[in-house]
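The following report describes the surface and the side-chain contacts of the structure shown here.

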Amino acid sequence: AADPLSAAPGSLEGGSWCNEHMLHERLDIIEEKVIKTVEHLESEVKSLLNIISETTSNIPTVPGTPLIDIFDGEY
């Protein structure tokens with residue numbers, strides 16, 4: 001009996017250059033999308049951190065009031 005995997009459509013059996021090339025192209029597209037997504041998320045995080053720092057610097061503090069650690073010392 002023949003190996004069923006060797007006849008599978010789209011298999012890389014036999015070093016098919018075309019299929020391998022298509023696979024690399026798809027991986028390149030995925031890599032580009034991941035990089036763009038990460039860059040977008042980095043800019044969003046920076047914006048949020050700027051907003052947070054501006055907001056916290058504008059909060060009036062009463063002298064003698066202890067500061068509250070919102071993370072409760074966990075980070």
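## Nonpolar patch

Patches are made of residues with over 30% relative accessible area and no salt bridge, where like charges are joined within 9 Å and nonpolar side chains (Val, Leu, Ile, Met, Phe, Trp, Tyr) within 5 Å. In this predicted model, local features need pLDDT of at least 70 and side-chain atom pairs count only at pLDDT 80 or more, while totals for chains, interfaces and linings use all residues. Residues are numbered from 1 along each chain as its sequence is written, and side-chain values use heavy atoms, with hydrogens and water left out.

Leu23, Leu27, Ile30, Val34 and Val38 form such a nonpolar patch on the surface, together offering about 420 Å² of accessible area (Shrake-Rupley method, 1.4 Å probe, only the protein chains shown counting as cover for residues). Ile30 lies in helix α1 and counts as partly exposed because its relative accessibility is 48%, the class between buried (under 20%) and exposed (over 50%), computed with a 1.4 Å probe on protein chains only.

## Salt bridge

A salt bridge requires a side-chain nitrogen of Lys or Arg within 4 Å of a carboxyl oxygen of Asp or Glu, and the count comes to 1. Glu32 pairs with Lys36, their closest N and O atoms being 3.4 Å apart; both lie in helix α1 (residues 17-57), 4 residues apart, about one turn of the helix.

## Whole chain

The protein chain has 1 helix and 0 strands, taken as DSSP runs numbered from the N terminus (helices H or I, at least four residues; strands E, at least two). Of its 75 residues, 0% count as buried.
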